[in-house]
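These are my notes on the model, set out as numbered points. They begin with a local backbone detail and then turn to confidence, the core and the ligand site.

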Amino acid sequence: MRRHAGGYLVHSDELDAVLQCPVRARLKKEGTSIFAGDRVDLDEVELTDNKERGSAVIAARLDRQNLLTRPYIANVDQVIIVQAIHQPEFNSLLCDRYLVHLQLELPAVRTFVCVNKCDLATDEEISALRNIYESAGHSMIALSAKTGLGMEELRRQLAGNRSVLTGPSGVGKSSILNVLNPELHLKVDVHEELLVGRHTTSASELYQVPADHGHEIGPGWIADTPGYSLDQLRHPEPAEVAWQFPELAQFAEECKFSDCLHLAEQNCNVLAHVERIPKSRYESYCTIVAEAQQERKFRQETSQKVDAGAVKYVGGEQGRGKAIPKLSNRHRAPSRRKEKQQLHDYDRAEDADLDDDE
Ligand SMILES: Nc1nc2c(ncn2[C@@H]2O[C@H](COP(=O)(O)OP(=O)(O)OP(=O)(O)O)[C@@H](O)[C@H]2O)c(=O)[nH]1
Ligand SMILES: [Mg+2]
Ligand SMILES: [Zn+2]
């Protein structure tokens, strides 16, 4: 579930108990990182008298299906993008950027859209959004943390899964979690400037979402996140953007120009059918392609500006082989070893950050 008292709080599904668990010294020495969402093997399990709490030792970490990096959450089953319909006003571009980013960050993970504050909207406004996102292949839940609208549907979606809530500030993520689990008492309505340096913004932590009435559906686990700023979003290659927009991709597949970006080309099949793509989605597509092109241009320019010392030779001896510029660190995919080191550093920083949540 999270770090606690120099170790971790681990929920045992088998015992339905929460255990305080230090980590075997050998795992620490090997630099094995452990985050919320990881599955672990336990030794020396002992329960207290009421059988809901106890202790154990983490003996091994099992392989991960995936790892979200901001905050670190392992084995994510689904991502829920939260937006408000009003206050702040629904922002299609932002919602579509989150969808593209998360499909790149966690491929093969289900993503769905939750539109909160529906108590402030008309039925027409809600169904217009539903049509847009359902035609893009994402289910949409209309929610109100205030009136409880859609909460049971969300609870059903969460049951038995590890989910991550993401979305911009002020849309009601913490309010939603407080309704799902009234014991959490998460802070609501904190202004953005106050969030800087707040512990929860980087916390790797899963909260339990209790089972529904009568325990017909099991509990779920959910993490809150601080959302993304624009410079943290990933960009696909310009030509790949279309595949993130299924309602556009169906026409892109039939476009006879193989290198078409479907923006302005004559006789482009997407443009011929553009009336059948929701306007906001096509606009998001154009903006995201432009951003992807800028990102690529920036990458090419920085890799040309490298000096001679930053050139490496491929094939043949120095001077005769083909000289290719080394990429700057910013754009080289991190090596596995470096990634491992970063995780390790993160772990140690967290160790030093002595559990202020106790
Ligand atoms: N009308 C209405 N207001 C809501 C609803 N849900 C949340 N709010 C209000 O929206 C404001 C922001 O809610 P939070 O839960 O703090 O939003 P958040 O997404 O957690 O924001 P950050 O923590 O800054 O990322 C608060 O004033 C809430 O009372 C809702 O369903 N309807
Ligand atoms: Mg919040
Ligand atoms: Zn085209």
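1. Gln87 in this predicted model counts as exposed because 12 other C-beta atoms lie within 10 Å of its own, and a residue with 12 or fewer is classed that way. Gln87 sits in the loop between β8 and α2. Its phi is positive, about 55 degrees, although Gln87 is not a glycine. The peptide bond from Gln87 to Pro88 is cis, with omega at about 0 degrees. Pro88 belongs to the loop between β8 and α2. Anyone preparing the coordinates will meet both the positive phi of Gln87 and the cis bond that follows it.

2. Where is the cis bond between Arg70 and Pro71 placed? Pro71 is in the loop between β6 (67-69) and β7 (72-74). Omega for the bond joining Arg70 and Pro71 is about -10 degrees.

3. Asp16 is a non-glycine residue with a positive phi, in this case about 45 degrees. The loop that holds Asp16 runs between β2 (7-12) and β3 (17-21). Is Asp16 buried or exposed? Asp16 is exposed, since 10 C-beta neighbours are found inside 10 Å. Glu52 is 36 residues away from Asp16 along the chain, yet the two C-alpha atoms are separated by 6.9 Å.

4. On confidence, the protein chain has an average pLDDT of 84, and 79% of its residues score at least 70. Among the elements, strand β10 (residues 140-142) has the highest mean pLDDT, 97, and helix α6 (residues 192-195) the lowest, 46. The pLDDT is below 50 over residues 193-201, a stretch that has seven contacts in the model beyond near neighbours in sequence. Residues 311-334 also have a pLDDT below 50; for that stretch the model shows 29 contacts beyond near neighbours in sequence.

5. For the overall fold, the protein chain contains 10 helices and 15 strands. It has 358 residues, of which 28% count as buried. Among contacts with a separation of 6 or more, 64% are between residues 24 or more positions apart.

6. Which residues have the most contacts inside the largest nonpolar core? They are Ile73, Ile81, Cys114, Val115, Leu143, Val164 and Ile222, in a core of 66 residues. Helix α2 (residues 92-105) contributes the most to this core, six residues. Such grouping fits a general tendency: in soluble globular proteins, nonpolar side chains tend to be buried together. Leaving out residues up to four places away in sequence, Cys114 touches Ile80, Ile81, Val82, Ile141, Leu143 and Leu154.

7. The ligand site comes next. Ligand 1 is surrounded by 18 residues, and the closest of them are Ser169, Gly172, Lys173, Ser174 and Ser175. By type, the shell around ligand 1 has eight polar, five charged and five nonpolar residues. Helix α5 (residues 173-180) supplies the largest share of this shell, three residues.

8. Which residues of α5 are buried? Lys173, Ile176, Leu177 and Leu180 are. Viewed down the helix axis, the buried residues of α5 fall within an arc of 100 degrees, so they line one face of the helix. Their packing partners are β8 (78-84), β9 (110-116), α4 (151-158), β11 (162-166), β12 (207-209) and β13 (220-224). Lys173 therefore appears in two lists: among the closest residues to ligand 1, and among the buried residues that line one face of α5.

9. Pro238 lies in the loop between β13 and α7 (246-252). Pro238 is buried because 20 other C-beta atoms are found within 10 Å, and 20 or more is the condition for that class. Apart from neighbours within four places in sequence, Pro238 is in contact with Leu261, Val289, Ala292, Gln293 and Arg296. For Leu261, 23 residues away from Pro238 along the chain, the separation between C-alpha atoms is 7.4 Å.

How values were computed:
Residues are numbered from 1 along each chain as its sequence is written. Chains are lettered from A and ligands numbered from 1 in the order in which they are written. This is a predicted model: local features need pLDDT of at least 70, side-chain atom pairs count only at pLDDT 80 or more; totals for chains, interfaces and linings use all residues. A residue is near a molecule or strand if its C-beta atom, placed from the backbone, lies within 6 Å of it. Helices (H or I, at least four residues) and strands (E, at least two) are DSSP runs, numbered from the N terminus. Ala, Val, Leu, Ile, Met, Phe, Trp, Tyr, Cys and Pro count as nonpolar, Asp, Glu, Lys and Arg as charged, and the others, Gly among them, as polar. The arc is that of the directions from the helix axis to the C-beta atoms. Two residues are in contact if their C-beta atoms, placed from the backbone, lie within 7 Å. A nonpolar core is a set of buried Ala, Val, Leu, Ile, Met, Phe, Trp, Tyr and Cys residues joined through C-beta atoms within 7 Å. pLDDT is the predictor's confidence in each residue, from 0 to 100.
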